[in-house]
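Visitor: I would like to learn how to read a model like this one. Please take me through it feature by feature.

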Amino acid sequence: MGEAAGAADAVPADEMTASLIDIENVTKVYHLGEVDIVPLRGVSLHIDAGESIAIMGASGSGKTTLMNIIGCMDRPSEGTYRLDGQDISRVNADERAGLRNAKFGFVFQSFNLLSRTSALENVELPLLYRPGVSSKERRRRALAALDRVGLSDRLNHHPSQLSGGQQQRVAIARALVTDPAVVLADEPTGNLDSTSERDILAMFAELNAAGITVVLVTHNPEIGKHANRVIRIRDGRIVEEP
Amino acid sequence: MTILRTLTLAVRSLLRNKVRTALTMLGIVIGIASVIAMVAMGQGASSMIQDQIATMGRNILMVWPGAASSGGFSYGGGSSTTLTVEDGEAIVREVGSVRAIAPVIRARSQIMYGGQNWVPQSMMGTSPSFTDVRDWDVQDGSFFTDADVSSSNKVCVIGQTIAETLFKDESPLQKTIRIKNMPFTVVGVLDRKGTSAMGQDQDDVVLAPWTTVKKTLQGSAFSNVDQLLVSAHESVELASTDITALLRQRHRLAEREDIDFRILTMNEMATAATQSSQVMTILLAVIASISLLVGGIGIMNIMLVSVVERTREIGLRMAVGARGRDILMQFLSEAIAISVTAGVIGMALGVGAALAISEILKWPTQISAGSIGVAFGFSCAVGVFFGFYPALRAARMDPIEALRHE
């Protein structure tokens, strides 16, 4: 944990220079009828390119909301978000879709693979929404991504024909196929046995070593240990590490 | 995404649910097929009616006696006895727009030949100009002559149906048949004319000189007719006006008095018949369109179910970069792919059904390119119309909510 703390010191919260992700005093409010739910209350977070970060917290702490904002799935109610120096706090849904496709790879707890669709087609999916990629190019990149996660021999298998670990590896290949700057993983090992868990975590370490920024969201401290830096979040605020 | 890519995607996802897709298509298939088959039947019927009316002869008018009445009591149409053969002769003589005229006196009687007997649907007394007016020649022998008419000879001309029924393979010419137990010599056999617009077998006919029918068969000394068949030179309307004027004069009708005859042109009959068959065609097309509408609602229903079922898929696609309009296009093109494919199958089925109907049921059908085009356009429109709302619901989903959907 010493190392992680050191990394945090290296990028002080008030410095706004060359960070990949700059989140400044972000608040998120959901209006549910007459009740306001505030999952994030003034969060500031800076992530450099190439970092490996774990966002940890109990369920309901706001960690998923934070991840959704980082991944451009959602936008802050207040505060600013700069991605690569560009202020994207108020961009519209279509532009956010474009940013997600260009910058991020998502890995979910429940894999979210399309059933009755081959591994290869699942991996090709994000490139369908990237303009100017030919079907040949799409296939080539999907094959490369599947090779990278060691599933070259399972190209035409459907998710139901794959083990949980294999399914999550297909999902990782799908996240990698767009050459993202950041891979966002929400409880990626939550549905896996311990062997598969080790595999998947090793794979994230490998991706990070190859220069991809990895953001893991988890409630499990064991998994948090694998990150270089750990952010703890409670009741919508980032708390100091114990 | 390009259109081609979107369509490929749509077809693939439809193929993942083959049974459901096929069942959804069924409504449109039936709708399109029935529109095409119904319109083909309607148009076939109306062109058949027109053909049959044409068999009556060109530029034909019919003059009927009007209603007689005495003491405020009407005897109904045709009961007046004021329309006579002499009127007909006067019309030919004095009205320049009339080419030929034939009187018709109807009779009904059993006829016998050898051991067989038969009651023809139509037994008429007329004159030799009948062949000219009706444009109907004899096939064998000859028509009776004016001399036969003036001397009331017991001769007759028969239609094909009677020739076949009574004479089989024999030649009927110069044979003697008995009409009301009186011997008539068959002098000619008419050409085949077929079924009339009213569904009557026109070949089930016996023609004899009108004088013979009047005096011998009906025992009447008068010359009133049941009908005058008139063939006009060019304009039936002009002939109709001229005949009305002449008959008013001959029947000594005052300026304000109602006419005691009726004139009906074939054009009027044709118009009436065509109109009624057009109404039928429209009616059939409307009924068939309702099934298209029901099919469209079926598509909407399935698309709505599919959007809910695939909420997570929609969320995932949005997460990896699909914009609202990509999702909209995806679901819209699925709806269109369903309805267009169904439309094409329906067209093939409709054309097949129309051909089968004319082949097996001998009902005339006429497949028009127009109805096929309209049906195809309609099926595309159904897809867009009924697919749009579900697609919009999909496109408006929030990716976070959608991914959380169980």
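Guide: Start with a helix and its cover. The model is predicted. What covers the buried residues of α6(B) includes six strands of chain B: β5 (111-113), β6 (116-118), β9 (155-158), β10 (176-179), β11 (182-190) and β12 (205-209).

Visitor: Which residues of helix α6 of chain B are buried?

Guide: Helix α6 spans residues 160-167, and Ile162(B), Ala163(B) and Leu166(B) are buried there. Because they cover an arc of only 105° around the axis, they sit on the same side of α6(B). Look just past the helix too. Lys168(B), just after α6(B), takes a positive phi of about 50°.

Visitor: How do I read a nonpolar core?

Guide: The general idea first. In soluble globular proteins, nonpolar side chains tend to be buried together. Now this case. The largest nonpolar core has 117 residues. Val123(A), Ala173(A), Ile32(B) and Ile36(B) touch the most other members.

Visitor: Which helix gives the most to this core?

Guide: Helix α2 of chain B, residues 18-54, with 15 residues. Another core lies apart from this one. It has 53 residues, including Ile101(B), Val104(B), Val149(B) and Ala239(B).

Visitor: What is Ile32(B) in contact with, leaving aside its neighbours within four places in sequence?

Guide: The partners are Leu292(B), Ala342(B), Gly343(B), Gly346(B), Met347(B), Gly350(B), Ala375(B) and Ser379(B).

Visitor: How do I read the contact between the chains?

Guide: The size of an interface is often given as the accessible area lost when the parts come together. Here, count residues instead. Chain A gives 18 residues to the contact and chain B gives 17. On the side of chain A that touches chain B, the elements giving two or more residues are α3 (93-103) and α4 (119-128) of chain A. The largest share, six residues, comes from α3(A).

Visitor: How many residues of each class are on that side of chain A?

Guide: Nine are nonpolar, four polar and five charged.

Visitor: How do I judge the overall form of chain A?

Guide: Compare its radius of gyration with that of a compact globule. For 242 residues, such a globule would have a value near 18 Å; chain A has 18 Å, so the two agree. Along the principal axes, the C-alpha atoms of chain A fill a box of roughly 45 × 40 × 40 Å. Chain A has eight helices and ten strands.

Visitor: What share of the residues in chain A is buried?

Guide: Buried residues make up 46% of the 242. Then look at contacts in chain A with a separation of 6 or more: residues 24 or more positions apart account for 71% of them.

Terms used
Residues numbered from 1 in each chain as written. Chains lettered and ligands numbered in written order. Predicted model: local features only at pLDDT ≥ 70, side-chain atom pairs only at ≥ 80, totals over all residues. Core = buried A, V, L, I, M, F, W, Y, C linked by C-beta atoms within 7 Å. Buried ≥ 20, exposed ≤ 12 C-beta atoms within 10 Å, placed from the backbone. Helix = DSSP H or I, 4+ residues; strand = E, 2+ residues; numbered from the N terminus. Contact = placed C-beta atoms within 7 Å. Arc of directions from axis to C-beta. Nonpolar A, V, L, I, M, F, W, Y, C, P; charged D, E, K, R; others polar. Rg over C-alpha atoms; globule rule 2.2 N^0.38 Å.
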